[in-house]
Amino acid sequence: MLDKAKNIFIVGIKGAAMSNLAVIFKEMGKQVSGCDVAEEFITDVILEKYHIPYNVGFDPAFLSKETDLVVYSAAHTGQENQIVIEAKKRGIVTVSQAKLLGELLTHFKTSIAVSGCHGKTTTSSLLAYALIKLGAKPSYMIGVPTFNNQPGGMYDGQDYFVIEADEYGVNPPQDKTPKLLHLHPTHIICTNIDFDHPDVYHDIEEIKKTFLQFFGNKKLFLCIDDFHIKSIISKLDRTQYQTFGFSSGADLQIQNPVISETQSSFSLVYKGKKLGMFTTSLFGEKNISNAAGVVLTLLDLGFDVKKIKNAIKDFASVKRRFEFVYKKNETYLFDDYAHHPAEIAATIAAAKARFKDRRIVTIFQPHTYSRTLSLKKEFATSLSKSDLCLITPIFPSARENAKEFHISSFDIEKEAANGQVKAFSSTKELLVQLKEAVKPRDIIFTIGAGDIYKLKDEIIKII
C-alpha cells in the first residue's frame with residue numbers, strides 16, 4: 001500500500017500521531033496534505049515547519065484527482081467521515097491509521113514497539129533519542145509533536161523504527177480492536193499493564209489477554225516490578241524475554257536511585273555484572289525504570305554500555321510529560337499529560353522526589369466520563385497525594401454522550417472527602433481559588449489529557 005501511494009491525504013492531520021505520520025511520509029518522498037478543524041493545535045508549528053498543507057473543515061472537494069491514499073483515525077467520525085466516504089466512491093484506497101502503521105513497520109529491519117498503559121511516550125522518545133545519539137539513524141513515530149528538540153515523527157533510513165504501541169481501540173464503539181494488534185514488531189518493551197479505557201475493555205483480564213496476544217513470539221523487555229506483567233509472565237517462553245526493574249530477580253536490576261532537582265542517577269547490574277552509574281534528566285522512580293528498559297533494549301541490540309550512558313544522559317523534554325512551563329521566584333509551573341490514577345500518582349511522586357519539602361499543587365482536568373466514572377475512587381486517592389488539588393469540569397470525548405453518564409468532578413471531591421481535593425463548575429472559579437491559595441515556592445502542575453495546558457497563561461499571571 002505504502003509503496004504504491006504517491007499522494008497521501010490525512011483526515012485529522014493536526015492530531016499528534018497524524019502530524020508525525022505526515023512528516024514521515026514527506027521525508028519518504030511522498031506528497032502529503034490533509035484537513036482538520038480550524039482550532040489551534042500544538043502540532044500546527046510542525047506542519048508549517050515541514051511545509052505540509054492542510055484545509056480547514058471536511059469537505060470532500062479537498063480530495064485532489066491525484067490522491068491515491070486516504071488515512072483516517074477514530075477522530076472526526078472515523079470511516080464515516082464524508083471525505084473517507086467520498087474517497088471510497090472514487091475508488092481511492094482508504095486505511096485506518098492503525099492498519100497503516102502495521103504496514104509501515106514491515107519496511108524496517110528492526111522495529112521496536114513500546115507498550116504499556118503508562119510511560120509509553122517517555123520511553124519511546126528516550127529510545128529514539130538514544131538511537132539518534134548513538135548514530136543509528138532511526139526512523140520513529142512518537143505520540144507527541146516534539147521531544148528534546150526532535151520532531152515527534154521522522155524517517156531516516158530502514159534499519160530501526162521506534163513506535164508507541166497503543167492499546168486503545170481502532171474506532172470505538174464500532175471497532176474496538178486494540179490498535180497494537182495491527183503491529184508486528186521484532187522487539188517489544190512493556191512498561192506496565194493496567195485497567196484503562198473502560199469504553200474498550202471490560203476488565204483487567206481482557207487487557208492482559210490483549211497484551212499476551214500482542215507479545216506473540218516477539219523478543220520482549222518487560223518491567224518485572226509491575227504486578228500485572230508478573231501475573232502473566234509464566235505464560236511466556238523464558239528464552240523470549242528479559243526483565244528490568246528494582247526487583248532483585250530482574251535481569252537488569254536498578255540499584256541506588258538518587259533524585260535531585262537537576263537529575264536522577266542510578267546504578268545498573270546486568271545478570272550479575274555491574275554496569276556502573278547512569279544519569280538522566282528525567283525524574284521519579286517510574287522514569288528511572290523506563291530508562292532501564294531502554295538501556296536493556298540497547299544492550300540487547302549490541303550497543304556499547306559506555307556509549308549508552310552518554311546517549312541517555314541529556315534526555316529531558318517530552319511535550320506534556322513533566323514539561324517545564326514557567327518559573328519565577330522559586331515557584332514552578334509544569335504540565336503533564338497524566339490522565340489515569342497510576343500516572344497521576346507517579347507524577348506527584350516524581351515531583352515530591354525532585355522538590356523535597358515543597359508544596360505540590362495540582363490542577364486536574366478529568367478526561368472522559370467513562371474513565372472518571374470507572375476510576376473515581378482511584379482518582380481521589382491519587383490526587384490526595386498532592387498538597388492541594390483543584391479539579392476542572394470533565395473534558396468529554398466526542399465518542400461519548402454526556403447524558404448517558406451520571407458523573408462529575410464533584411464526585412471525585414466527595415470520594416476524597418479531605419478538604420485538599422476541590423472541584424469547580426468552571427475554570428474561572430478554579431483560577432479565582434488558585435489565586436487565593438498559591439504560595440511562594442509552590443510547585444504547580446496542570447494535569448490531564450484534554451486542553452488543560454491552555455490555562456498556562458492565566459496561571460503564569462497568578463504566579
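How many bridges join strand S2 to S3, and in which direction do the two strands run? The pair is joined by 3 bridges, and the strands run parallel. The model is predicted.

## The open sheet

Strand S2 spans residues 31-36. Within its pairing with S3, Gly34 stands opposite Tyr54. Both strands belong to an open sheet of 5 strands, in the order S3-S2-S1-S4-S5 and with parallel pairing. The edges are formed by strand S3 (54-56) and strand S5 (93-96); each has a single partner strand, so one side of each is left without a neighbour in the sheet. From one strand to the next, the twist averages 20 degrees.

## Helices across the sheet

Two helices are described here against the strands. Helix H1, residues 16-27, lies across strand S1 (7-11), S2 and strand S4 (69-72). Its direction is at about 175 degrees to S1.

Helix H4 covers residues 97-105 and lies across S4 and S5. Relative to S5, helix H4 runs at about 90 degrees.

## The surroundings of Thr362

Thr362 is part of strand S20, which covers residues 360-364. Is this residue buried or exposed? Thr362 counts as buried because its relative accessibility is 0%, where the cut-off for buried is under 20%.

The side chain of Thr362 makes a polar contact with the side chain of Ser386, at 3.0 Å. Leaving aside residues up to four places away in sequence, Thr362 touches Ile348, Leu383, Ser386, Leu388, Cys389, Leu390, Phe445 and Ile447. Ser386 is thus named both as a polar partner and among the residues touched.

Key. Residues numbered from 1 in each chain as written. Predicted model: local features only at pLDDT ≥ 70, side-chain atom pairs only at ≥ 80, totals over all residues. Heavy atoms only, no water. Helix = DSSP H or I, 4+ residues; strand = E, 2+ residues; numbered from the N terminus. Buried < 20%, exposed > 50% of the residue type's maximum accessible area, 1.4 Å probe, protein only. Polar contact = N/O pair within 3.5 Å; in protein donor to acceptor, adjacent residues only side chain to side chain. Contact = heavy atoms within 4.5 Å. Pairing = 2+ DSSP bridges. Axes fitted to C-alpha atoms, helices over the stretch in contact; angles between N-to-C directions.
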